[in-house]
Amino acid sequence: MESKMVTLITGPTEDLREITLEIPPHAVQVGLNMGGGVDSSLLLHLLTKYFPNRHFKVFTLDKLNEPQHAERVIKALGVEDRITHVVK
């Protein structure tokens, strides 16, 4: 599997930010810690969009609404149900 790098430019005109996503070619499975917010959901969306041949394993902390939120997001993105709940 070859390496792929994706660079995105985001933010308001006066404060543009560059985000670079890269997954090494030898990394077949990639883990992502999902909280209950937008940041990790957006990151998972971008990763699945630009790296469709990779397998993502989602981790959540067993608190508040994080596991339920993660389950809704991975279902909406069509990510295999690979959620591991980490108990604090």
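Helices (H or I, at least four residues) and strands (E, at least two) are DSSP runs, numbered from the N terminus. You're looking at a predicted model, where local features need pLDDT of at least 70, side-chain atom pairs count only at pLDDT 80 or more, and totals for chains, interfaces and linings use all residues. Residues are numbered from 1 along each chain as its sequence is written, and side-chain values use heavy atoms, with hydrogens and water left out.

**Stop 1: the whole chain**

Show the cartoon. You should find 2 helices and 5 strands in the protein chain, and following the sequence gives you the pattern β-β-β-α-β-α-β. Of its 88 residues, 31% count as buried; buried means under 20% relative accessible area, exposed means over 50%, and partly exposed is in between (1.4 Å probe, protein chains only). Now switch on the surface: the accessible area is about 6,100 Å², and 54% of that belongs to carbon and sulfur atoms. These areas come from the Shrake-Rupley method with a 1.4 Å probe, and for residues only the protein chains shown count as cover.

**Stop 2: the β1-β2 hairpin**

Select residues 4-10 for β1 and 17-23 for β2. The two strands run antiparallel and are joined by 7 bridges; strands pair if DSSP finds at least two bridges between them. Click on Leu 8 and you'll see Ile 19 of β2 opposite, while Ile 9 faces Glu 18. The hairpin has 6 residues between its strands, and Gly 11 takes a positive phi near 110 degrees.

Next, pick Arg 17 and Asp 15. What do their side chains form? They meet in a salt bridge, 3.1 Å from N to O. That term means a side-chain nitrogen of Lys or Arg within 4 Å of a carboxyl oxygen of Asp or Glu. A search of the whole structure finds 1 salt bridge. Asp 15 has a relative accessible area of 35%, so Asp 15 is partly exposed.

**Stop 3: Val 28 and strand β3**

Move on to Val 28, in the loop between β2 and β3. Its relative accessible area is 47%, so Val 28 is partly exposed. Val 28 touches Arg 54 and His 55, leaving out residues up to four places away in sequence; a contact means heavy atoms within 4.5 Å. Try the distance tool between the C-alpha atoms of Val 28 and Phe 56: they are 28 residues apart along the chain and separated by 8.6 Å.

Now show the side chains of β3, residues 29-33. Which ones point to the buried face? Val 30 and Leu 32 do, while Gln 29, Gly 31 and Asn 33 point to the other face and are not buried. Add β4 (residues 55-61), which pairs with β3 in the parallel sense over 5 bridges. Gly 31 stands opposite Lys 57 there.

**Stop 4: helix α1**

On the way, stop at Gly 37 in the loop between β3 and α1. Its relative accessibility is 32%, so Gly 37 counts as partly exposed. From its C-alpha to that of Ala 70 is 9.3 Å in space, with their positions 33 residues apart in sequence.

Then select Ser 40, which lies in helix α1 (residues 38-50). Is Ser 40 buried or exposed? It counts as buried, because its relative accessibility is 11%. Besides neighbours up to four places away, Ser 40 touches Leu 32, Asn 33, Met 34 and Gly 35. Other buried residues of α1 include Leu 44 and Leu 47.

**Stop 5: the core**

Finish inside. A nonpolar core is a set of buried Ala, Val, Leu, Ile, Met, Phe, Trp, Tyr and Cys residues joined through side-chain atoms within 4.5 Å. The largest one here has 18 residues, and Ile 23, Met 34, Leu 44, Phe 51 and Phe 56 touch the most other members. β1, β2, β3, α1, β4 and α2 (66-77) each supply at least two residues of this core.

Zoom in on Phe 51: neighbours within four places aside, Phe 51 is in contact with Lys 4, Val 6, Leu 21, Glu 22, Ile 23 and Phe 56. Zooming back out, 57% of the chain's contacts with a separation of 6 or more are between residues 24 or more positions apart.
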